[in-house]
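Visitor: I am new to this structure and would like a close look at a single part of it. Could you take me slowly through one sheet and the strands that build it?

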Amino acid sequence: MVTAAELGNTTWELSVQVDQREGDEGMKFKLRVRGDLHIGGLMLKLVEKIPAPQDWSDHAIWWEQKNMWLLKTHWTLDKYGVQADADLRYTPQHKPLCIQLPNMKNIKLPVSFSTVVFKTVAEICRILNIRRSEELSLLKPIDNPKKKKKLDKAKDVIDDILNMDISSSLAGGTSSPGLYSKTMTPTYDPENGTPVSATSLWFGENPLTKCQPNLPPDELAKIYQPLDLEDKAVINAGWLDSSRSLMEQGIQENDKLLLRFKYHCFFDLNPKYDAVRITQLYEQARWAILLEEIDCTEEEMLMFASLQYHICKLTMSAEPLDHSNETEVDEVEAALSNLEVALEGRTTDKILEDITDIPKLEDSLKLFRPKRLTLRPYKEYWFVFKDTTISYYKNKEAASGEPIEQLHLRGCEVVPDVNVTEKKFGIKLLLPVADGMNEVYIRCDNETQYAKWKAACILASKGKTMAYSSYRTEVKNIQSFLQMKSLAPPPGQAAPNVESMGMNAECFVSPRYVKKYKSKQLTTRILEAHQNIAQLSLMEAKMRFIQAWQSLPEFGIKYYVVRFRGSKKDEILGISYNRLIRIDMSTKLPVTTWRFSNMKQWNVNWEIRQVTIDFDQNVSVSFSCQSCDCKVVHEYIGGYIFLSTRSKDQNETLDEELFHKLTGGQE
């Protein structure tokens, strides 16, 4: 039989700090406990000791030394390994966090510091009414001593000028509806996963759907800082781990984090349901262009400037929530149409042409293969494009024989080499070979020819032929993009009146172009480009801006400094939504590309922090990360693989378990 003295020896003293809500002073308690006491019992003992009764339902135990939450309330102290020297905190799980939105506005929201970041981001997006939260994540602001002075200036501009005024209801956390009303939860179509009614009907007017006015040029210049690939790698190292909580990653209450679209594959963008999402995407794209985080040509910069001017103009004059231009589809008609499609045994968005007769392109084009110490002499050949292969011949008559060369485009990079003003319509192909990439330049004669051939190249790079129905859409998109880039006014339209702009043209371009041109020159060129898009509605203009951003060669590529196995020097690894790119650090040119579609498997050796990826044809790549933890790169690759599994019939539910399987660490 155990005596009272012996029983006393099995208990020990445990110190627990109790954190109150903001404004209230914390308390510290010492409790006598035993190792078999479960966490729920510990919290009960603690609450009973606190004199003032209150709601403790959001509080949980945080273990400071181990940097972990003790959320399994049925686990005992012994099972967790808690002993007398443990420093425990009984603290709220929801704490205020300062979040900078993609439009550079700051809001303060109470968010969960105890759930994994994947869920916390979903919670933030739910409050802000942003669909597809899996495309976003939280990024730590850069802390680079080399750029400290410049960044401090930028901080002043963002904090002082871009201060967001959101109603207090938004900051109500889980207890108040904020911008997303719990009583008006949208219902979704079981067939395609889209909401049955427009978001404007659920939420009313949302301040996050309005575009922000452009900064004055001198304020923009304070934020602007030219970035090389190594600088971008430092920024990209700041993505938080989606499989761990904010608290576990050293984030404290009232810290500032950036909410950004992390994965650049925007699924099911629908103007009718995604007003906030599209506006925030537009804002992220706009800032990327203005701060030159992504490269674009002068012609493209002017096109983006004209779209910004148009959007600013419409935003200033627009009525709130003007859906008058939207074409309403009668629900009965839509249902009958879907029934007709179902009865015919085919799906509308997956129709292929007659695949027994795959279309073929034939034309006279110019070709150039760059070699060292040579100029660029383009030679004319007869080109034939069939399946995913380009063959070229000396002339049309020779096309019945053997080609001079065949270019296999599956897995290649397609880069535009275009200047509409100078009538230059080129396509740069980077063809994968065993030891790197082969460069080939093809020159077209006009816009129509360029659109057809470039669209075919893009599909072929993905292993698709021109028989796919998306070919025609791709051609139209390219033609529309070229039309926007044209600085000549449409036929029958007079030259623009420079005095009519009424806005500072220097607000719409990056500081580099402000130095290059006088204000009047910029105004003239922006207004010339604007005439091609003057008829667009506000939502159409935002969508065009996002599509133009997506068509830039560097779109969506995140850079990291890595060292490949067997190499003695650092190199850059670019990660995009569909491929990995090995880039030479000195020349900044791509060495080789590996497509996710050819990936067989990848794994991480957590002991030596090395990522290994196996591709088709026995190609294996291993590298260690120099600019960040290998978990960041591992999560990027797994995240893109996860996002490729989405489909419209999922009714907006996500397989979170699969996400963590693909992105989580095995540490």
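Guide: What follows is a walk through one sheet, strand by strand, with a short view of the whole chain beforehand.

This is a predicted model, in which local features need pLDDT of at least 70 and side-chain atom pairs count only at pLDDT 80 or more, while totals for chains, interfaces and linings use all residues. Residues are numbered from 1 along each chain as its sequence is written, and side-chain values use heavy atoms, with hydrogens and water left out.

The protein chain has 18 helices and 23 strands, where helices (H or I, at least four residues) and strands (E, at least two) are DSSP runs numbered from the N terminus. Of its 667 residues, 49% count as buried, a word that stands for under 20% relative accessible area, with exposed meaning over 50% and partly exposed lying in between (1.4 Å probe, protein chains only). Among contacts (heavy atoms within 4.5 Å) between residues at least 6 apart in sequence, 63% join residues at least 24 apart.

The sheet itself is an open one of 5 strands, in the order β2-β1-β5-β3-β4, and its pairing is mixed; two strands are said to pair if DSSP finds at least two bridges between them. At its edges are β2 (27–33) and β4 (68–70), each of which pairs on one side only. From one strand to the next the twist averages 35°. Helix α2 (residues 39–49) packs on this sheet and touches β1, β2, β3 (59–63), β4 and β5 (87–92), with a direction at about 125° to that of β2; such angles run from 0 to 180 degrees between N-to-C directions, along axes that are lines fitted to C-alpha atoms, for helices over the stretch in contact.

On the β2 side of the sheet, strand β1 (residues 12–18) is joined to β2 by 7 bridges, and the two run antiparallel. One pair of bridge partners here is Gln 17 and Lys 28, the latter in β2.

The strand to dwell on is β3. All 5 of its 5 residues are buried, so β3 is largely enclosed by the rest of the structure. In a regular strand the side chains alternate between the two faces of the sheet. In β3, His 59, Ile 61 and Trp 63 point one way, Ala 60 and Trp 62 point the other way, and all are buried.

β3 has two neighbours in the strand order, β5 and β4. With β5 it pairs in the antiparallel sense over 5 bridges, and there the bridge partner of Trp 63 is Leu 88 of β5. With β4, β3 also pairs in the antiparallel sense, over 3 bridges, and Trp 62 stands opposite Trp 69 of β4. The hairpin of β3 and β4 has 4 residues between the strands, and in this hairpin Asn 67 takes a positive phi near 55°.

To gather the picture, β3 is a strand whose 5 residues are buried, with side chains pointing two ways, and with antiparallel pairing both to β5 and to the edge strand β4.
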